[in-house]
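Grab your viewer and a coffee, and let's work through a few exercises on this protein and its ligand. Try each task yourself before you read the solution.

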Amino acid sequence: MSLTHAATRRASRRTGLTAAAGLAALAAGAWWFTDQAPYPYAQRRLLDLQLPFLAKADLDQVLQPRPGERMLEIGPGTGLQTLHIAPQLGTEGRLDIVDIQQEMLDHVMGRAAEKALDVVRPHRADARELPFEDQTFDAVYLVTALGEIPEPGRVLAAAARVLKPGGRLVVGEFFDRHWIPFGRLHRLADTEGLHLTARRGPSVAYLARFRPCAAA
Ligand SMILES: C[S@@+](CC[C@H](N)C(=O)[O-])C[C@H]1O[C@@H](n2cnc3c(N)ncnc32)[C@H](O)[C@@H]1O
């Protein structure tokens, strides 16, 4: 084989490898941005980390839970927020939790039982179709869950439907691959008749509170 022929074959092999690597990177990128599977239970330990601007004290400030209230949490994961909010509702209050994954609900209920928190009620359901009557809740909240659920506008509409007049909806979002920037959330909420009443944190890590417009 001539030297020129060998060099041409090496160059062509390199081009093939580069193209394959490029295609693999594109496929990984497409998966990263379009995958809509719920958060894997196998990675549950990460959910115990408190995120900046979304920590328990921040949630208290924005959600303002009160004894006797009936609340709904969407996408509780392993219960970081559930176990913090439930005791603040007192024995007369109630915290319904909705998750699409039974493993998450079982995990939260196990932790709630250890703490004798009997105000927590689990429901396996899709947040786009909440299994509750209209105007049931004083407040609805979801932390790092909205961006993970396909059709977030439908989730906001469902949350608005089950809120009592004057009720509060609190959404927390953090910069990950499912993150909803604050501006987008604000526009989606506006479309669903929800009026912004408070916000804590920058667009990359925030908690925002809304009210149905009629009661704003
Ligand atoms: C990233 S975890 C957040 C958990 C928790 N809020 C936290 O901050 O630690 C998102 C949760 O939303 C739930 N989820 C995903 N899609 C859902 C859907 N369509 N309806 C209800 N829950 C859903 C997941 O199962 C998971 O428990």
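Below are six exercises with worked solutions, all based on a predicted model.

**Exercise 1. Getting the layout**

Work out how many helices and strands the chain has, and in which order the elements run.

*Solution.*
Step 1: count the elements. You should end up with six helices and seven strands.
Step 2: walk along the chain from the N terminus. The order reads α-α-β-α-β-α-β-β-α-β-α-β-β.
Step 3: add the burial figure. The chain has 216 residues, and 41% of them are buried.

**Exercise 2. Strand β1 and its partners**

Find out which strands pair with β1, in what sense, and over how many bridges.

*Solution.*
Step 1: locate β1, which covers residues 70-74. Four of its five residues are buried, so call the strand mostly covered.
Step 2: look for the first pairing on your list, with β2 (residues 94-99). That one is parallel and has five bridges. To get your bearings there, find R70, which stands opposite R94 in β2.
Step 3: turn to β4 (residues 137-143). It also runs parallel to β1, and three bridges join the two. Here E73 is a handy marker, with Y141 as its bridge partner in β4.
Step 4: keep one rule in mind while you scroll. Side chains in a regular strand alternate between the two faces of the sheet.

**Exercise 3. The ligand site**

Describe where the ligand sits, which residues come nearest, and what polar contacts you can list.

*Solution.*
Step 1: find the site. The ligand takes up the space of the largest pocket.
Step 2: list the surroundings. There are 19 residues around the ligand, and those that come nearest are G75, D99, Q101, A127 and V143.
Step 3: go through the polar contacts by ligand atom type. On the oxygen side, a polar side-chain atom of Q101 lies 2.8 Å from a ligand oxygen. On the nitrogen side, D126 has a polar side-chain atom 3.4 Å from a ligand nitrogen. V143 uses its backbone instead: a polar atom there is 2.8 Å from a nitrogen of the ligand.
Step 4: check the coverage. On its own the ligand would expose 600 Å², and the protein buries 96% of that.

**Exercise 4. Positive phi values**

Explain where Q135, T144 and G201 sit, and what their phi angles look like.

*Solution.*
Step 1: start with Q135, in the loop between β3 (120-124) and β4. Its phi is positive, near 50°, and the residue is not a glycine. Q135 has 49% relative accessibility, so it counts as partly exposed; the label "exposed" needs over 50%.
Step 2: move on to T144, in the loop between β4 and α5 (152-162). Again there is a positive phi, about 45°, in a residue that is not a glycine. With a relative accessible area of 28%, T144 is partly exposed.
Step 3: finish with G201, in the hairpin of β6 and β7. Four residues lie between those strands, and G201 takes a positive phi near 100°.
Step 4: check the hairpin strands themselves. β6 (residues 194-200) and β7 (residues 205-212) run antiparallel and are joined by six bridges. Within that pairing, R199 has A208 as its bridge partner in β7.

**Exercise 5. Buried or exposed?**

Decide whether E69 and E92 are buried or exposed, and place each one in its loop.

*Solution.*
Step 1: E69 is in the loop between α2 and β1. Its relative accessible area is 8%, which is under the 20% cut-off, so E69 is buried.
Step 2: see what the E69 side chain does. It reaches the backbone nitrogen of R66 at 3.1 Å.
Step 3: E92 is in the loop between α3 (82-85) and β2. At 69% relative accessibility, E92 is exposed.

**Exercise 6. Far in sequence**

For the pairs E92 with G68 and R44 with H107, compare separation along the chain with C-alpha distance.

*Solution.*
Step 1: E92 and G68 are 24 residues apart along the chain, while their C-alpha atoms are separated by 4.7 Å.
Step 2: R44 and H107 are 63 residues apart in sequence, with 9.8 Å between their C-alpha atoms.
Step 3: place R44. It is in the loop between α1 (3-34) and α2 (56-63), and a relative accessible area of 24% makes R44 partly exposed.

Key:
Residues are numbered from 1 along each chain as its sequence is written. This is a predicted model: local features need pLDDT of at least 70, side-chain atom pairs count only at pLDDT 80 or more; totals for chains, interfaces and linings use all residues. Side-chain values use heavy atoms; hydrogens and water are left out. Buried means under 20% relative accessible area, exposed over 50%, partly exposed in between (1.4 Å probe, protein chains only). Two strands pair if DSSP finds at least two bridges between them. A residue is near a molecule or strand if one of its heavy atoms lies within 4 Å of it. A polar contact is a pair of N or O atoms within 3.5 Å; within protein, one must be able to donate a hydrogen and the other to accept it, and residues adjacent in sequence count only if both atoms are side-chain atoms. Accessible areas come from the Shrake-Rupley method with a 1.4 Å probe; for residues, only the protein chains shown count as cover. On a 1 Å grid over the protein atoms alone, a cavity is a set of points where a 1.4 Å probe fits but cannot get out, and a pocket is an open set with protein on both sides within 12 Å along at least five of seven lines; lining residues have an atom within 4 Å of a point. A molecule sits in a cavity or pocket if more than half of its atoms lie within 2 Å of its grid points.
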